[in-house]
Amino acid sequence: MIDQSGTIAKVKEMIGESSHIVVLLGIGTVIESGGENIWSSRECYRIEELYHKSPDEMMSVGYYSARRDKFFDFYKREILGREMKPASLFKDLRRLQKTGRIRKMITQNYFDLHSEAGLKDVIELYGNVKNNICPRCGKAFSVEYVKNAKGVPLCDECKSGIRPGIMLFGEKINNDLMTEAVNACEKADLILVLGTNMYDNMVKFCTGNYKGDRVVLITKEEHYTDRFADYVIHDEVSNVLPLVM
Ligand SMILES: [Zn+2]
């Protein structure tokens with residue numbers, strides 16, 4: 001393995017100097033917590049074999065509207081069905097957040113690992129699995145309620161189908177959240193990109209207006225776009241964070 005100690009020391013020094021860090025949380029932080037990336041090639045293959053559709057199709061607003069029973073069958077099993085526990089990286093981020101150096105966190109993940117770990121001020125671009133709402137009367141329902149429902153989960157007040165709190169394929173990200181994310185990154189003195197790559201839409205979009213030269217990418221997998229980050233450390237985020245704080 002390449003010696004990364006020079007980069008690690010430099011990143012540690014920069015984090016120590018920063019007071020407006022923005023943290024972008026990618027899918028790698030879910031995987032380190034015991035989750036799965038249903039868009040990885042291995043998972044795509046498994047899902048296509050099992051459901052005869054791609055994860056994009058299964059998670060689309062069109063499928064949700066047309067085949068709600070099958071959508072929830074998939075959603076409960078593949079999205080809500082996996083046991084996860086926040087990886088140690090979340091504890092380290094909490095520690096960093098308590099020092100006041102972090103301005104904002106932005107996540108593309110809709111699992112609730114960040115609040116479970118006590119992180120605050122997180123922009124959830126794609127929603128959160130815990131925000132289940134009845135579209136007719138507005139009543140909120142827990143993940144457990146949705147998970148344990150037989151077939152399509154129905155509101156216990158008005159019997160309407162409950163809408164999961166995450167963004168589906170074919171839906172647009174809330175404009176206010178996007179603006180907030182872009183503004184936070186624009187004013188950042190350092191951007192920490194964790195568990196994803198520079199090709200990721202969230203990363204491209206959020207770092208688009210950033211004029212600084214302190215984009216730090218920490219991720220396990222190498223990618224041809226790594227050169228778009230100013231500093232790159234290849235390893236699990238949970239291994240690296242204790243070394244740079
Ligand atoms: Zn209702």
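Okay, let's start in the middle of this one. The largest nonpolar core has 46 residues, and the ones with the most contacts inside it are Val22, Val23, Leu24, Ile191, Leu192, Val193 and Val216. Keep in mind that what we're looking at is a predicted model.

Take Ile191 from that list. If you leave aside its neighbours within four places in sequence, Ile191 is in contact with Val22, Leu24, Cys185, Thr207, Tyr210, Arg214, Val215 and Val216. There's also another core, lying apart from the big one, with 12 residues, including Ile47, Met58, Phe72 and Ile166. As a general point, nonpolar side chains in soluble globular proteins tend to be buried together.

So where does Ile191 sit? Look at strand β6, residues 190-194: five of its five residues are buried, so the strand is largely enclosed by the rest of the structure. And both of its faces are covered. On one side you have Leu190, Leu192 and Leu194, on the other Ile191 and Val193, all buried.

Now the neighbours of β6. On one hand there's β1, which runs parallel to β6 and is joined to it by five bridges; Leu25, for instance, has Leu194 as its bridge partner in β6. Then there's β7, residues 215-219, which pairs with β6 in the parallel sense over four bridges. Leu194 turns up again here, with Ile218 as its bridge partner in β7.

Going out from β1, residues 21-25, we get to β2, residues 102-107, again a parallel pairing, over five bridges. Ile21 has Ile102 as its bridge partner there.

Let's put the whole sheet together. What is the strand order in this open sheet? Reading across, we have β3-β2-β1-β6-β7-β8, six strands with parallel pairing. The edges are β3 (122-124) and β8 (231-234); each has a single partner strand, so one side of each is left without a neighbour in the sheet. From one strand to the next, the twist averages 15 degrees.

Last bit, the domains. The assignment splits the protein chain into domain 1, made of 5-35, 83-129 and 172-244, then domain 2 at 36-81 and domain 3 at 130-163. How far apart are the C-alpha centres of domain 2 and domain 3? They lie 19 Å apart. The contact takes five residues from domain 2 and seven residues from domain 3. On the domain 2 side that touches domain 3, the classes come out as two nonpolar, no polar and three charged residues.

That's my tour, happy to go back to any of it.

Technical notes: Residues are numbered from 1 along each chain as its sequence is written. This is a predicted model: local features need pLDDT of at least 70, side-chain atom pairs count only at pLDDT 80 or more; totals for chains, interfaces and linings use all residues. Domain bounds come from an automatic or database domain assignment. Two residues are in contact if their C-beta atoms, placed from the backbone, lie within 7 Å. Ala, Val, Leu, Ile, Met, Phe, Trp, Tyr, Cys and Pro count as nonpolar, Asp, Glu, Lys and Arg as charged, and the others, Gly among them, as polar. Two strands pair if DSSP finds at least two bridges between them. Helices (H or I, at least four residues) and strands (E, at least two) are DSSP runs, numbered from the N terminus. Axes are lines fitted to C-alpha atoms, for helices over the stretch in contact, and angles run from 0 to 180 degrees between N-to-C directions. A nonpolar core is a set of buried Ala, Val, Leu, Ile, Met, Phe, Trp, Tyr and Cys residues joined through C-beta atoms within 7 Å. A residue is buried if 20 or more other C-beta atoms lie within 10 Å of its own, exposed if 12 or fewer, and partly exposed in between; C-beta atoms are placed from the backbone.
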